[in-house]
Amino acid sequence: MKYSDFRLSKKDEKKYVVIIGCGRLGASLAAEIYGQGNDVCIADRDRDAFRKLDSSYGGLTETGDAADLETLSRASAEKADCLILVTDNDNINIMISQMAESLFHTKKIVCRLYDPEKECIYRGTGIETICPAVLSAREIEKLLGKEKAMDAERSKDEKQCIG
């Protein structure tokens, strides 16, 4: 999976990014962001999760529970230009994003939430949320809209051929 449209920084501007959660998404983001020339540290409580990282990834890894301030400190979260939370637990993602915002004053926080009802809590805060269920629903609506538009165009073409 490539995130080639995702650009964290301009060409000569290096950023420090901390990613919490080394699942498929976290590992892919770490490789992509590191590949763009940024400094990256990815943290996960399970050391085996780092096997998902691409062999080209040369950033840092930190094993530990990111809900623990000591783990965040070892990951140098206080220096992060961006903190990305992609664990499989909404409550952990929420708690860590709030800690980073209030304790570390992190400039940019992106938090994945599976539950769309929790997403609305963060509207108007400095914490940006991404909800896969909402994103998927929007994409499906777009595809269905395209299908309806294509059906209407086919119908119009058929009428022109007949008339």
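**Helices, a pocket and a buried asparagine**

Biologist: Which elements each supply at least two residues of the lining of the second largest pocket?

Modeller: H1, S2 and helix H3 (90–104) each do so. The model is predicted. H1 gives the most to this lining, with three residues.

Biologist: What makes a residue count as part of that lining, and which residues lie nearest the centre of the pocket?

Modeller: A lining residue has an atom within 4 Å of a point of the pocket. The second largest pocket has 25 such residues, and Gly 21, Cys 22, Asp 44, Thr 87 and Asp 88 lie nearest its centre. The space in this pocket is about 400 Å³.

Biologist: How is the lining of the second largest pocket divided by residue class?

Modeller: Eleven of its residues are nonpolar, six are polar and eight are charged. Gly counts as polar in this division, and Cys as nonpolar.

Biologist: How do you know that the length of helix H1 agrees with its number of residues?

Modeller: H1 covers residues 24–35, and at 1.5 Å a residue its twelve residues should span 16 Å. The end C-alpha atoms are 16 Å apart, so the two values agree.

Biologist: How does H3 fare in the span test?

Modeller: Its 15 residues should span 21 Å, and its end C-alpha atoms are 20 Å apart, which agrees.

Biologist: Which residues of H1 are buried, and what do they pack against?

Modeller: Gly 26, Ala 27, Ser 28, Leu 29, Ala 30, Ala 31, Glu 32 and Ile 33 are buried. The buried residues of H1 pack against strand S1 (16–20), strand S2 (39–44) and strand S4 (82–85).

Biologist: What makes Asn 89 a cap of H3?

Modeller: At the N-terminal end of H3, a side-chain oxygen of Asn 89 lies 2.9 Å from the backbone nitrogen of Asn 91. The cut-off for a polar contact is 3.5 Å. Just after H3, His 105 takes a positive phi of about 55°.

Biologist: Why is Asn 38 called buried?

Modeller: Its relative accessibility is 2%, and it therefore counts as buried, as the limit is under 20%. Asn 38 lies in the loop between H1 and S2.

Biologist: Which backbone atoms does the side chain of Asn 38 reach?

Modeller: A polar atom of this side chain lies 2.9 Å from the backbone nitrogen of Lys 15. The side chain of Asn 38 also reaches the backbone oxygen of Ile 33, at 3.3 Å. A polar contact needs N or O atoms within 3.5 Å.

Notes. Residues numbered from 1 in each chain as written. Predicted model: local features only at pLDDT ≥ 70, side-chain atom pairs only at ≥ 80, totals over all residues. Heavy atoms only, no water. Helix = DSSP H or I, 4+ residues; strand = E, 2+ residues; numbered from the N terminus. Expected span 1.5 Å × (residues − 1). Buried < 20%, exposed > 50% of the residue type's maximum accessible area, 1.4 Å probe, protein only. Contact = heavy atoms within 4.5 Å. 1 Å grid on protein atoms, 1.4 Å probe; cavity = no way out; pocket = protein on both sides within 12 Å on 5 of 7 lines; lining within 4 Å. Points joined across faces, edges and corners; volume = space filled by probe spheres on them. Polar contact = N/O pair within 3.5 Å; in protein donor to acceptor, adjacent residues only side chain to side chain.
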